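Dear colleague,

I am passing on the structure below, followed by some notes on what was found in it. Please read them with the structure open.

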Amino acid sequence: MNGDNAELIASGEYARKQLSGGAGLIGWSHERRFRTARRMVQPYAGAQLLDYGCGDGTFLAMVHDLFPDAVGAEIDQALVDGARERFRALAGLAFVHAGDELDALPAAGFGVLTCMEVLEHCTSDTVERVLGQLKRLASPGAAVIISVPVETGPALLVKQAARAAAGLRGISGYQERERYAPGELVRMIAGAAVDRPVYETRFADGTPNRYHGHKGFNWRALAARIGRDFRIERTRFSPVPALGPLLNSQAWLLCRPR
């Protein structure tokens, strides 16, 4: 990781909740996720980078040594404002709202685009909009790196157990976790579909937000949709790549625009 920005990263909400929030397995998995992301983007160092769904800017700060010219896009204006303030000293790093500000960026302007742990939360219409934005902003031959959680098969059992344990320990964000009925769990382990709840909230500025949690998400179905707009060159898994999709937390797709 980029140690130069360690203090700035540690002060963020994501680091406090997921990287050092007290849940050992969860923190380890999230830390490995960022290591995987850094390895996947490293061959393209020096290109202009877009991180779609950048959250509080953690990843962009971690790779600022590789990508000094980068943009983070986020739908929550409060996160955009917070990242702008926290990372204002990092020259070349900008944050935009994933709406009109992102739409205003010139087409084909980015050589590397990342979209990590975002699409599983998007409703179907939002998935179409995000993929359309990624395709418009990617330069010819750009590397488009998408990660989503593995929420099927044996991996789901491990994750649900870890989430339950974190909830019992009072770890923030895990007390009100999604639960499966026994029949739903069996179907998800087998890779079959279950209904996905849609939640409705509002951001701090009053903008409505409709989204999915993790329940019912199938990474293979999303990969098939991505394949219509992007050529998937490679699929890998983290935190332990050798275990494939059976006992891993994330699936990673290295794509190119068609």
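α7 (124–137) and α10 (219–226) each contribute at least two residues to the lining of the second largest pocket; helices here are DSSP runs of H or I with at least four residues, numbered from the N terminus. This is a predicted model, in which local features need pLDDT of at least 70 and side-chain atom pairs count only at pLDDT 80 or more, while totals for chains, interfaces and linings use all residues. Residues are numbered from 1 along each chain as its sequence is written, and side-chain values use heavy atoms, with hydrogens and water left out.

A pocket is an open set of points on a 1 Å grid over the protein atoms alone, where a 1.4 Å probe fits, with protein on both sides within 12 Å along at least five of seven lines; lining residues have an atom within 4 Å of a point. The second largest pocket holds about 350 Å³ of space, a volume being the space filled by probe spheres set on the points, which are joined across faces, edges and corners. Of its 17 lining residues, Cys122, Ser124, Val127, Arg196 and Phe217 lie nearest the centre.

The whole structure has four aromatic pairs (ring centres of Phe, Tyr or Trp, the last by its six-membered ring, within 6.5 Å). One of them, Phe34 with Phe59, is stacked (planes under 30 degrees apart), at 6.3 Å centre to centre and 15° between the planes. Phe34 lies in helix α3 (residues 24–41) and Phe59 in helix α4 (residues 58–62), so this pair ties together parts that are 25 residues apart in sequence.

Best regards

Note on methods
Rings of Phe, Tyr and Trp (its six-membered ring) pair if their centres lie within 6.5 Å; planes under 30 degrees apart count as stacked, over 60 as edge-to-face and the rest as tilted.
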